Amino acid sequence: MSAGPGTPLLMAVDGNSLLHRAHHAHEHSGQRDLAGHPTWGLRGMVAAIGGAAARLGPDAVVVGFDCPVASVRREEYPEYKAGRAAKPDDLVEQLAGAVDLLRRCGFAVVQHEGWEADDVLSSAAALARGHDWRCTVVTSDRDSFALIDESTSVLRIIAGGVDASPLLTPARLPLLCGVQAGQYRDYAALRGDVSDNLPGANGIGAKTAAKLLQSFPGVAQVYAAIDGGREEEVVAAVGAAACRRLAEPQARANVTRNLRLMAMRVDLPMPGLDAMRVPMDLVRMQTALLERDIRLGPSLWALTGSAPPGEDSWARIAEQEDVAPPAVASPTAAPVAVAEPVVEDDQLSLF
């Protein structure tokens with residue numbers, strides 16, 4: 001299904017990703033509630049959700065979070081995400097309170113035992129597609145690039161905030177990593193994912209993986225050529241040395257494992273779309289935020305059905321709420337154009 005710009009839009013937010021980014025971006029503020037608990041990450045996360053809503057104009061919003069106590073992927077592969085630095089205590093505390101705060105604000109929040117925010121976002125995209133809606137995933141995590149299709153886009157939050165962030169679509173994904181929508185998981189499986197401690201095929205980096213997938217639809221077809229005596233097709237795409245590396249048993253095992261672990265659930269239980277609808281209740285939202293001494297209001301207009309503040313109001317709002325004026329985009333407008341060169345995948349943190 002190809003969803004046109006007038007189709008209703010579900011905004012699916014990666015809560016863990018936005019809270020991590022907000023924590024590190026606003027740690028200098030040292031903002032705490034009256035009980036002395038840190039709130040700068042929580043405040044930044046809610047402000048970012050409001051900013052994304054102002055840019056995208058969604059009809060419904062859902063926020064997904066990782067399960068904090070169990071991981072199906074880690075049970076299968078204990079080295080999954082091993083070696084990551086321990087989270088600062090202030091971040092751990094804010095993560096622990098984020099789900100309750102957002103639910104008290106009135107957001108639809110989804111968290112399932114053993115699964116990650118990525119699985120929630122994937123299930124949200126599938127829900128939207130099944131009801132002939134569009135979905136835009138809001139995250140700073142590149143794993144969600146695997147979800148991009150004709151009905152699903154990704155607003156990749158980067159340094160500079162929501163309005164500086166690229167909206168990635170099937171037409172724009174190849175500009176970043178050289179592969180088509182639908183090929184990203186195969187691409188990631190081949191080159192591996194250092195952040196998740198998932199080695200790929202030894203010696204196959206981002207450039208080689210992209211070249212390979214420009215000649216083959218996916219990993220299955222690459223190995224079918226190697227196993228079927230058609231190695232010359234792989235050699236023509238990436239050279240003899242890379243073909244030998246791909247054929248090594250350990251390379252094949254790594255890629256197969258990565259494809260399995262990188263697959264996202266599309267069938268997690270989700271609230272109905274009506275339960276995610278905006279506008280939300282401004283009084284309820286502000287009451288919940290004020291309980292944590294977080295003061296946000298006019299900047300949340302797109303979530304609460306208020307009129308967007310006029311230009312002369314933004315200086316006061318920015319001073320009170322520490323938010324930047326948004327570049328308001330109609331939900332029926334074309335994606336914001338952001339010129340980017342083709343880059344290596346290990347540079348994608350810049351985008």
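Let me start with Thr136, which at 4% relative accessibility counts as buried in this predicted model, and which has its place in strand β4. Its surroundings can be listed: leaving aside residues up to four places away in sequence, Thr136 touches Leu9, Leu10, Met11, Ala12, Leu56, Ser153, Leu155 and Leu167. One of these neighbours, Ser153, also makes a polar contact with Thr136, side chain to side chain, at 2.9 Å. For Ser151, I can give you the separation from Thr136 in two ways, namely 15 residues in sequence and 8.4 Å in space, C-alpha to C-alpha.

Met11, which is among the residues that Thr136 touches, takes us to the strands. Strand β1, residues 9-14, pairs with β2 in the parallel sense, and five bridges join the two; within that pairing, Met11 stands opposite Val61 of β2. On to β2 itself, residues 60-64, where five of the five residues are buried. In a regular strand the side chains alternate between the two faces of the sheet. What covers which side here can be read residue by residue: Ala60, Val62 and Gly64 on one side, and Val61 and Val63 on the other, are all buried, so that both faces of β2 are covered. Strand β3, residues 108-110, is another partner of β2, again in the parallel sense, over three bridges, and there Val63 has Val109 as its bridge partner.

Now to the nonpolar cores. Which residues touch the most other members of the largest core? They are Val234 and Leu246, in a core that holds 62 residues, and the largest share of that core, six residues, is contributed by α5. A second core, separate from it, has 43 residues, and includes Leu9, Ala48, Leu56 and Val278; of these, Leu9 and Leu56 are among the contacts of Thr136 that I listed at the start.

Leu246 deserves its own list: not counting residues up to four places away in sequence, Leu246 touches Leu190, Ala201, Ile204, Leu212, Val222, Tyr223, Ile226, Val234, Ala251 and Arg252. The last two of those names belong to the next topic, helix α12.

Helix α12 covers residues 249-262, and its 14 residues reach 20 Å from the first C-alpha to the last, close to the 20 Å expected at 1.5 Å a residue. The buried residues of α12 are Ala251, Asn254, Val255, Arg257, Asn258, Leu259, Leu261 and Met262. What do these buried residues pack against? Their partners are four helices given by residue range, α3 (72-76), α7 (184-191), α9 (219-227) and α11 (240-247).

Arg252, in the same helix, brings in the charged pairs. Side chains of opposite charge can pair when their charged atoms come close. Arg252 forms a salt bridge with Asp227, with 2.9 Å between the closest N and O atoms. Because Arg252 lies in helix α12 and Asp227 in helix α9, this pair ties together parts that are 25 residues apart in sequence. As for accessibility, Arg252 is partly exposed at 27%, whereas Asp227 is exposed at 52%.

In total, the model has 14 salt bridges, and I will go through two others. Arg73 forms a salt bridge with Asp119, and here the closest N and O atoms are 2.8 Å apart. The pair links distant parts of the chain, with Arg73 in helix α3 and Asp119 in helix α5, residues 117-130, 46 residues apart. Are these two residues buried or exposed? Arg73 is buried, with a relative accessible area of 6%, and Asp119 is buried too, at 0%.

The other pair is Arg129 with Asp149, a salt bridge whose closest N and O atoms are 2.8 Å apart. Arg129 lies in helix α5 and Asp149 in the loop between β4 (134-139) and β5 (152-156), so the pair ties together parts that are 20 residues apart in sequence. Both ends are partly exposed, Arg129 with a relative accessible area of 31% and Asp149 with 23%.

I will close with Arg73 and Asp119 once more, since salt bridges that share partners join Arg73, Lys81, Glu116 and Asp119 into one network.

Key:
Residues numbered from 1 in each chain as written. Predicted model: local features only at pLDDT ≥ 70, side-chain atom pairs only at ≥ 80, totals over all residues. Heavy atoms only, no water. Expected span 1.5 Å × (residues − 1). Buried < 20%, exposed > 50% of the residue type's maximum accessible area, 1.4 Å probe, protein only. Contact = heavy atoms within 4.5 Å. Salt bridge = Lys/Arg side-chain N within 4 Å of Asp/Glu carboxyl O. Core = buried A, V, L, I, M, F, W, Y, C linked by side-chain atoms within 4.5 Å. Polar contact = N/O pair within 3.5 Å; in protein donor to acceptor, adjacent residues only side chain to side chain. Pairing = 2+ DSSP bridges.
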